[in-house]
Amino acid sequence: MGTCSNQIALLHLLVISPSFAFEIKEATVNQIQEAFMRKELTSRDLVEFYLREINALNLLLRAVLEVNPDALDQADRVDKEREATHGECTKGLHGIPVLLKGNIAT
């Protein structure tokens, strides 16, 4: 099984929840998926982290025009799916939030 270059997404984040502290610095998608499998991280944790970052930085950067209002519900749905399938669906970008950047008129 080869390594897909699209699975080497670099992330720099710190996710802290009341039950654990989990840190990922320059983690690959595969490493995040492994954290999902070990139940050290959830999709909801990631979405909440990114929403906090967007709220903290967007007033200055004005880079995010819109956030999916259903993002937390979708994260919960993926977490339940992962639990129900015992991680069978934990592959690629499944359960990992994605931010699309539009470079219009730049």
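Confidence first. This is a predicted model, and the protein averages a pLDDT of 76, with 73% of the residues scoring at least 70. Among the elements, strand E1, residues 11-17, has the lowest mean pLDDT, 37, and helix H3 has the highest, 95. Over residues 1-21 the pLDDT is below 50. That stretch still has 39 contacts in the model beyond near neighbours in sequence. I will leave the stretch there and go to the helices.

Start with H3, residues 71-84. H3 has 14 residues, and from its first C-alpha to its last it reaches 20 Å, close to the 20 Å expected at 1.5 Å a residue. Which residues of H3 are buried? They are Ala71, Ala75, Val78, Asp79 and Arg82. Looking down the axis of H3, these buried residues fall within an arc of 100°, so they line one face of the helix. The general background is that an α-helix has 3.6 residues a turn, so residues three or four places apart point the same way. On the face of H3 turned away from the buried side we find the exposed residues Arg77, Lys80 and Ala84.

What do the buried residues of H3 pack against? The partners are helix H1, 29-37, and helix H2, 43-61.

One residue on that list deserves a separate look: Asp79, in helix H3. The relative accessible area of Asp79 is 15%, and the cut-off for buried is under 20%, so Asp79 counts as buried. Leaving out residues up to four places away in sequence, Asp79 touches Thr42, Ser43 and Arg44. Of those contacts, Ser43 is itself among the buried residues of H2.

That brings us to H2. At 1.5 Å a residue, its 19 residues should span 27 Å, and the end C-alpha atoms of H2 are 25 Å apart, which agrees. Where is the kink in H2 centred? On Asn55, with a bend of about 30°. The buried residues of H2 are Ser43, Asp45, Leu46, Val47, Phe49 and Ile54.

Last, the backbone just past the two helices. Just after H2, Arg62 takes a positive phi of about 50°. Just after H3, His86 also has a positive phi, of about 55°.

To recap: H3 has the highest mean pLDDT among the elements, its buried residues line one face, and those residues pack against H1 and H2. H2 carries a kink of about 30° at Asn55. For strand E1, keep in mind the mean pLDDT of 37.

Notes: Residues are numbered from 1 along each chain as its sequence is written. This is a predicted model: local features need pLDDT of at least 70, side-chain atom pairs count only at pLDDT 80 or more; totals for chains, interfaces and linings use all residues. Side-chain values use heavy atoms; hydrogens and water are left out. Helices (H or I, at least four residues) and strands (E, at least two) are DSSP runs, numbered from the N terminus. The expected span of a helix is 1.5 Å times one less than its number of residues. Buried means under 20% relative accessible area, exposed over 50%, partly exposed in between (1.4 Å probe, protein chains only). The arc is that of the directions from the helix axis to the C-beta atoms. Contact means heavy atoms within 4.5 Å. The bend at a residue is the angle between axes fitted to the seven residues ending there and the seven starting there. pLDDT is the predictor's confidence in each residue, from 0 to 100.
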